[in-house]
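Trainee: I want to test some structural labels against their definitions. Shall we go through them one by one?

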Amino acid sequence: MTPRAQTIQAVRSEPSSLDEFAQAVLKGLSAPRKRLPCQYFYDAVGSMLFEEITRLEEYYPTRTETAILHAHAPSIAGPSGRDAVLVEFGSGSSRKTELVLAALAAPRAYVPIDVSVSALSDAWARLELRFPGLDIIPVNASFWEALRLPARVLAHGKLGFFPGSTIGNFDPPDAGRLLMHFARVLGSPSRLIVGVDLEKDPQRLVAAYDDAKGVTARFNLNLLERINRELGGDFDVARFAHRAIYDQEFKRIEMHLVSRARQTAQVLGRSFSFAEGETIHTENSYKYSVEQFRAVARGAGWQPAGLWMDANRDFSVHELVLPQARAADGV
Ligand SMILES: C[S@@+](CC[C@H](N)C(=O)[O-])C[C@H]1O[C@@H](n2cnc3c(N)ncnc32)[C@H](O)[C@@H]1O
């Protein structure tokens, strides 16, 4: 770990005897339909592979959302005024953030929150050079944590930022709960900018999650490699295959790891059996219409305001506004 990474503040709700990753793996592999939570994709290797995915021809979301932010940064950042604090949930490389920071008038601070220490420390090093004098406060935590922003930024206006369609990793009820949680973290009044991938031709969707170069396959399989590295597992990774399918009913891409043969794997002294063709469900990526997403946001207490899209309507960037709380709202 680099010296910079060691200084990043880690926030955990409850210390436990078995590390959270271990608990999630044992629980997920014991389920009747095996699953692993997608947040564990992002160790240093996974974060690097995700960056490679964002540059793939098939992976339209990153370049489309970046172009929207580029074209509309002044409208997106403008209403936050001077001295705003930008709080980003699942910040990753913070590349898109640069467009928002550059458009904000004298931003007071930037608080990137991510489970990946390597992504936070790389982004911190780059942003420090690009925005000298900006107070950068990286937080290594799940964005579900009951985070308290540092006292020195509390008095300033908050602009939340949640790009990358990471919201799509949650089913709509959980997406609503997450937006409600962000409202508590940001406080009111505040604004939140959310990037949301839109429904489209399933063939394009599947190609975006199953690219010809096999980078997404490596990203998915890295989860088993991470279990082997960090939990002493003995998965024979070559005997699993990546699969991406589009579920028309739920309007979501599903990523799975498919067992190529009947086999067993040991993790932390437990044995897990796989039938040939059995899968571990590793990620969902829900696709929305504009109105469906706005309904989820409204249900979570946010008022939909600005909306920016590309000409093809492949991707949407939403402005959500949290009005000043009444005393009884407790937000
Ligand atoms: C789809 S990537 C998006 C990255 C970046 N925001 C972008 O738009 O390119 C998801 C990011 O969220 C982070 N992440 C995933 N689950 C998380 C969680 N529960 N809490 C905090 N960060 C999370 C990952 O480490 C990764 O950097």
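Mentor: Start with the hairpin of β10 and β11: two residues lie between the strands, and Leu 268 takes a positive phi near 50 degrees. This is a predicted model, where local features need pLDDT of at least 70, side-chain atom pairs count only at pLDDT 80 or more, and totals for chains, interfaces and linings use all residues. Residues are numbered from 1 along each chain as its sequence is written, and side-chain values use heavy atoms, with hydrogens and water left out.

Trainee: How do you know that β10 and β11 pair?

Mentor: Two strands pair if DSSP finds at least two bridges between them. Strands β10 (residues 263-267) and β11 (residues 270-274) are joined by five bridges, so they pair, and they run antiparallel. One bridge links Val 267 to Arg 270 in β11. The strands themselves are DSSP runs (E, at least two residues), as helices are (H or I, at least four), numbered from the N terminus.

Trainee: What makes β8 and β12 edge strands?

Mentor: The sheet is open, with the order β8-β9-β12 and antiparallel pairing. β8 (240-247) and β12 (279-286) each pair on one side only. Neighbouring strands are turned by 20 degrees against each other on average, direction ignored. Between β8 and β9 (residues 252-259) there are eight bridges. One of them pairs Ala 241 with Val 258.

Trainee: Which helix lies across β8, β9 and β12?

Mentor: Helix α8 (residues 202-209), at about 155 degrees to β8. Angles run from 0 to 180 degrees between N-to-C directions, with axes fitted to C-alpha atoms, for helices over the stretch in contact. Contact means heavy atoms within 4.5 Å.

Trainee: Why does the ligand nitrogen at Gly 90 count as a polar contact?

Mentor: A polar contact is a pair of N or O atoms within 3.5 Å; within protein, one must be able to donate a hydrogen and the other to accept it, and residues adjacent in sequence count only if both atoms are side-chain atoms. The ligand nitrogen is 2.8 Å from a polar backbone atom of Gly 90, so the pair qualifies. A ligand oxygen is 2.7 Å from a side-chain N or O atom of Lys 96. For Gly 164, a ligand oxygen is 3.3 Å from a polar backbone atom.

Trainee: What makes the peptide bond between Ser 188 and Pro 189 cis?

Mentor: Omega is about 0 degrees. Pro 189 sits in the loop between α7 (172-186) and β7 (190-197). Most peptide bonds are trans.
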